[in-house]
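Visitor: I am new to this structure and would be grateful for a close look at one part of it. Please consider the charged side chains and how they pair.

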Amino acid sequence: MGGLSPASLRWSLLFVFLALGLWLRVRGLGELPLHGDEYHTLQAADGSLGEILTTFDAGGSHVALPLAQKLALDLCGPGVVSFRLVALVPGLLTLLLAYPLLRRWVGSDAAVLATALLAVNPMAIYYARFARGYALGLLLALVLGWAVARVLAGAGKRALNFASLVLAAAFLPWVHLSTLGFVLTLGLAASVLAWRRSRAEGL
């Protein structure tokens, strides 16, 4: 009897690690009490929409995080899980999107390995369960990197690629100012690569 084909083995491993990663992120989330910097956002999200939109708080919550948390609490009702949806949803999306987005850069086998490492990474798990903006920042960074690669390669729909690039680059610093350095560095590297490619094509 023949064993699993490489493609079947790859998909089996991917499914196992995705299931494990999802479980690690959602298990016991409702029983985990608020801790640390989550209290900063709790105070910020308690304000009105007008106060949130016009306040850049010094606690590092900025605008996007308390705004998203207030909307989640209004839509889903009060509770720890509702409060943490701003981290849980992007944390799960990052895990689910890692393979299809990374496969275009590094190939299928490496993308499975990267997804497996992300699934069990303690920091990725922690911040997907912690009501701050870091999981959302990671998701937007992944989308931005994918969009930059697509634009440079000229692949797919050009309008979609540019829209994804612009929106991700704009939202990242709005979610957390600490991501501004990443956005500028990636933008500079992409500009240099585009210039070198256009120069080579012109020769």
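Which side chain meets that of Asp109 in a salt bridge?

Guide: The model shown here is predicted. In it, the side chain of Asp109 meets that of Arg10 in a salt bridge, with 3.1 Å from N to O. This pair links distant parts of the chain, for Asp109 belongs to helix α6 (residues 108-120) and Arg10 to helix α1 (residues 6-26), 99 residues apart. Asp109 counts as exposed because its relative accessibility is 55%, and the cut-off for that word is over 50%.

The count of salt bridges in the model comes to 2. Besides the pair just described, Glu38 forms a salt bridge with Arg84, and their closest N and O atoms are 2.7 Å apart. Glu38 lies in helix α2 (residues 38-45) and Arg84 in helix α5 (residues 80-106), so this salt bridge ties together parts that are 46 residues apart in sequence. Glu38 has a relative accessible area of 0% and is therefore buried; Arg84 is likewise buried, with a relative accessible area of 0%. In general, side chains of opposite charge can pair when their charged atoms come close.

A nonpolar part of the surface may be set beside these charged pairs. Leu49, Leu53, Leu71 and Leu75 make a nonpolar surface patch of about 420 Å². Helices α3 (49-53) and α4 (64-76) each supply at least two residues of this patch. Leu71, found in helix α4, is partly exposed, with a relative accessible area of 42%.

Definitions and conventions: Residues are numbered from 1 along each chain as its sequence is written. This is a predicted model: local features need pLDDT of at least 70, side-chain atom pairs count only at pLDDT 80 or more; totals for chains, interfaces and linings use all residues. Side-chain values use heavy atoms; hydrogens and water are left out. Patches are made of residues with over 30% relative accessible area and no salt bridge: like charges are joined within 9 Å, nonpolar side chains (Val, Leu, Ile, Met, Phe, Trp, Tyr) within 5 Å. Accessible areas come from the Shrake-Rupley method with a 1.4 Å probe; for residues, only the protein chains shown count as cover. A salt bridge is a side-chain nitrogen of Lys or Arg within 4 Å of a carboxyl oxygen of Asp or Glu. Helices (H or I, at least four residues) and strands (E, at least two) are DSSP runs, numbered from the N terminus. Buried means under 20% relative accessible area, exposed over 50%, partly exposed in between (1.4 Å probe, protein chains only).
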